[in-house]
Amino acid sequence: MKLASVVSFEIVPTPPYDFELTIHKPAGWSLFSNYEVYQRGTMWTATSLVDTLAGVKLVSRGTVERPRITAKLFLKENPTRDKAKELRKTLVHDIGADEDLNDFYAMAKEDDILRLTLDDLYGMHNTMQSTVFPDAALSVLLQMAPMKRSGEMMDCFIKRYGDAAEFDGRKIWAWPRPERVARARPEEMAKACKLGYRAKRIVQMAKAIDEHGFPTMRELETMSADEAKAKLLELPGIGDYSADIVNPHGGFPIDVWSADVFGLLFFGREPENGREAVEKIKAEGLRRWGKWSWMAFYYVVQDLKNLSRKLNVKLRLS
DNA sequence: GCGTCCAGGTCTACC
DNA sequence: GGTAGACCTGGACGC
């Protein structure tokens with residue numbers, strides 16, 4: 001889809017804000033799309049903002065302590081003034097520009113594990129999608145598969161069912177929207193992208209969102225953390241782990257891989273059976289970090305190489 | 001070359 | 001309410 005209408009504005013994030021660490025994360029997590037492009041302080045990506053497909057170009061103009069970002073949104077049609085305002089507000093929130101890291105850093109400086117990440121990741125903010133479906137679908141594609149295969153499933157799913165945003169000389173595929181996936185045939189999806197049993201779950205999830213409606217991330221944020229999680233658990237294919245990935249309040253999403261990482265950090269050794277150890281390790285993370293559990297998880301998994309060196313241990317990389 | 005196991009979970013039938 | 005077993009697929013491993 002060609003996106004020719006352009007809305008430009010400047011964002012002044014809450015410092016410290018490291019553009020590169022936040023927008024192009026060390027562990028390789030995408031900001032909005034697996035197909036986004038990052039080159040020397042500029043990100044081209046695509047996403048659904050306020051139910052509108054948007055090509056997004058972000059250019060860093062400042063420093064960590066005095067951050068400035070020039071943002072351009074590429075849309076199909078000219079937005080109304082109110083819509084443009086809403087798009088801007090949503091993007092600012094989604095790239096973590098309105099997030100204040102000071103309270104988290106005050107806690108992290110006193111923590112034996114987190115304080116080791118602060119030099120490496122100083123100014124890295126949390127980011128999120130504005131709608132639930134991308135992260136929810138992603139979490140289903142992470143289930144019961146090695147990362148390489150999950151990546152292949154995601155790439156195929158996005159290209160086959162997502163929209164291509166054509167803007168600024170780029171063509172970037174955005175995560176599929178639920179209304180389109182809800183109309184897909186699970187058998188066809190399973191065969192085309194080798195999703196196996198996950199295809200049925202993703203289509204059921206898309207139908208649940210499209211046909212019955214579902215809160216946006218902003219709406220989930222207005223609920224309590226437990227209420228938001230309970231709402232997420234209503235979606236087909238979303239269990240405890242996936243809900244903790246999607247929940248905008250954050251959680252402590254321990255799976256077989258992260259059980260090895262946090263088992264080693266908390267108890268000095270990887271568990272013999274990761275699946276059986278998940279509950280114990282999750283409980284320890286929540287006990288230790290409480291409301292900061294998600295930020296702690298985020299900072300640790302983005303810094304595994306450095307942590308391995310500093311602690312002289314072999315943390316499993318993602 | 002072939003069989004088995006298992007990977008960044010969730011759901012369901014059964015007790 | 002608690003839990004064993006099933007679920008797609010493909011790479012790793014042992015033989």
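A polar contact here is a pair of N or O atoms within 3.5 Å; within protein, one must be able to donate a hydrogen and the other to accept it, and residues adjacent in sequence count only if both atoms are side-chain atoms. This is a predicted model, where local features need pLDDT of at least 70 and side-chain atom pairs count only at pLDDT 80 or more, while totals for chains, interfaces and linings use all residues. Residues are numbered from 1 along each chain as its sequence is written, chains are lettered from A and ligands numbered from 1 in the order in which they are written, and side-chain values use heavy atoms, with hydrogens and water left out.

**View 1. Polar contacts to DNA strand B.** Start at the backbone of V256: one of its polar atoms sits 3.2 Å from a phosphate oxygen of DNA strand B. Two side chains go for the bases instead. R201 has a polar side-chain atom 3.0 Å from a base oxygen of the strand, and an N or O atom in the side chain of Y197 is 3.4 Å from a base nitrogen.

**View 2. The protein surface near DNA strand B.** "Near" takes a heavy atom of the residue within 4 Å of the strand. There are 22 residues around DNA strand B, and M147, G237, S242, R275 and R316 come nearest. By class, twelve are nonpolar, five polar and five charged (Ala, Val, Leu, Ile, Met, Phe, Trp, Tyr, Cys and Pro count as nonpolar, Asp, Glu, Lys and Arg as charged, and the others, Gly among them, as polar). Helix 12 (240-246) and helix 13 (256-267) each supply at least two of these residues, and helix 12 gives the most, with three. Helices are DSSP runs (H or I, at least four residues), numbered from the N terminus. On the DNA side, 55% of the strand's atoms within 4 Å of the protein belong to sugar or phosphate, the rest to bases.

**View 3. The largest nonpolar core.** A nonpolar core is a set of buried Ala, Val, Leu, Ile, Met, Phe, Trp, Tyr and Cys residues joined through side-chain atoms within 4.5 Å. This one has 40 residues, and F157, M189 and I202 touch the most other members. Helix 9 (198-212) is among the contributing elements, and it brings the largest share, seven residues. A second, separate core of 36 residues includes F252, I254, F266 and L315.

**View 4. E284 in helix 14.** E284 belongs to helix 14 (residues 274-289). Its relative accessible area is 16%, so it counts as buried (under 20%; exposed is over 50%, partly exposed in between, with a 1.4 Å probe and protein chains only). Leaving out residues up to four places away in sequence, E284 touches F266 and F267, where contact means heavy atoms within 4.5 Å.

Notes: Helices (H or I, at least four residues) and strands (E, at least two) are DSSP runs, numbered from the N terminus.
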